[in-house]
Amino acid sequence: MPATLYRNPLTDILFEQSKEFVGLYHVEQGWFTHVNSAGYRLLGYSSAQALYDEPARTLRARQLTPAEWTELRDRVLRDGSHEFEDELRRQSGELFWARVELTCLVVEQQTYFLVRLTDTTPLHVAEHRLAESMGRFEAVVSHATIGIVMCNRVGEILLANDKAHQLFGYQNDGMLHQRIEALVPEAVARYHEQLRDSFNARPETRAMGQNRDLLARRQDGSEFPVEVSLSYFRLEEELFVVAYVIDISFKKEAERELRAQHQRIARLNAELEQKVTDRTHALADTLSQLELRTRELTQALALEQELGELKTRFVAMASHEFRTPLTAVLTSVALLEKYAGPEQQDKRQRHYDRIRTSVMHLTDILEEFLSVGKIEEGRLEAHPTRLELAPLANETVAEVEGLRKPGQHIILQLPAALPPLWQDASLLRKVLVNLLSNALKYSHENTTITVRATAQEHALCLVVQDQGMGIARDDQTRLFQRFYRARNAANTPGTGLGLYIVARYVELMGGTIALQSELNVGTTVTITLPYENHSAD
């Protein structure tokens, strides 16, 4: 049929602009009458005419029998279209797999098949490689000489190799969909559930053995000693745990035999060396006691030195920090007695404010002491709730507003779409108040304190940056210790507990804290908090 009968803009787009093989197959003539350029290039022909002149008049790797061709033709004519995958041949003889789409088309009372070919060779290659990889994996797991058991987060067994079935006395796939607790002694099954929950919360690879005697339970209820190592992986946010199990019954028997041999040898040696033992026993006891006493004295001395150092720091700090506000209170009380007249109300009010500030300062110091006590005694816990950072940050800035020196400014740089946190709002507020108070206290007038927040993949990064006096490099490593203060801050009021408390609060929230500082330039404190506090879960 002449090409002009079906040439129009639509067919031009269909044929010439298609990146796949598109051709018209004349059913009666049994060959193609029109093929696009992408089509004959896919088959390795230099031109469409070269394809039309193909003497074999077939693209299949295997020629259809007349009966097969009749069945295919009738199906397309009956259904209007048909799709299948077949192995085809290029002009060079190279074979490849393709998706074949046949659509019945009648033009000028002539029946044609509109043929579309899509090269699926890469898909077949990928499937073949995947099958080989899966085959190798299955071979390794199935023929492993140790038991391999994989379960999900709730402890349901999803995979167990032949060795595992053999170890635990199950037939075929009898272990599948059992709970992992079915493989441990009944006496510790409930405890094992707690261990599994703990592992799910903080999964980690655990090596074989680790000096732990473990027992496993067979299907018939009998128990045997094992060594178990654990690994894990995540797939689409689901946690899977893989256990590698070795039956160490022979090892335990050998150990018992070895211990028995050692005991027999020890008895023989004891009989032969009894006299020497009797003479050296007293000396050995004396040396042992001396070593024990020496270790105890060394530890006691170290604790005494540490306690003495802490006591010295505390006395020095307390005497300085308490004296200043108490002196201010006494001075103000003495001056208030002189301002009795109503015209001196403004002077009285100024001293009332000074007394109130001093009392609040003393309250803050006591609050820090109480916080340290709770932390050291382990009585402080994080209670996470869902919170938005922006309102909390604005409240915190308002809370420290009264500490600003002339010209000081606090700038908040918070993203508009910051994800909510699952953290303890009270602890986070105290951390921010402490850091902002430090930034304002150790910065000069007319400086800027910046608070920035950025959302990372699984955590929030919170930065407090000032333009203050900075901290010497030698002091930075000890700033998070109790009662320690930088040398250049000795003349500035402070307890030396603030950063220690901040660090412990951040630790309770499951985060980390880092500090960078340069003298006369400023200090930057960076806090990283997880969006979900798994330790609280």
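## Exercises on helix packing and a sheet

H11 passes H12 in a right-handed crossing (the near helix is turned clockwise from the far one by less than a right angle). The model is predicted, with local features needing pLDDT of at least 70, side-chain atom pairs pLDDT 80 or more, and totals for chains, interfaces and linings using all residues. Residues are numbered from 1 along each chain as its sequence is written, and side-chain values use heavy atoms, without hydrogens and water.

**Exercise 1.** Find at what angle helix H11 and helix H12 pack.

*Solution.* Start with the elements: helices (H or I, at least four residues) and strands (E, at least two) are DSSP runs, numbered from the N terminus. H11 covers residues 389-399 and H12 residues 425-441; they pack at about 45°, with axes 10 Å apart. Axes are lines fitted to C-alpha atoms, for helices over the stretch in contact, and angles run from 0 to 180 degrees between N-to-C directions. H11 is therefore oblique to H12 (not under 35 degrees, over 145, or 65 to 115).

Next, look at the contact (heavy atoms within 4.5 Å): among the residues that meet are Leu389 and Leu392 in H11, and Leu428 and Leu432 in H12.

**Exercise 2.** Work out which strands stand at the edges of the sheet.

*Solution.* First, the order: the open sheet of five strands runs S2-S1-S5-S4-S3, with antiparallel pairing (at least two DSSP bridges between two strands). S2 (31-35) and S3 (81-89) are the edge strands, each with a single partner, so one side of each lacks a neighbour in the sheet. Neighbouring strands are turned by 35° against each other on average, direction ignored.
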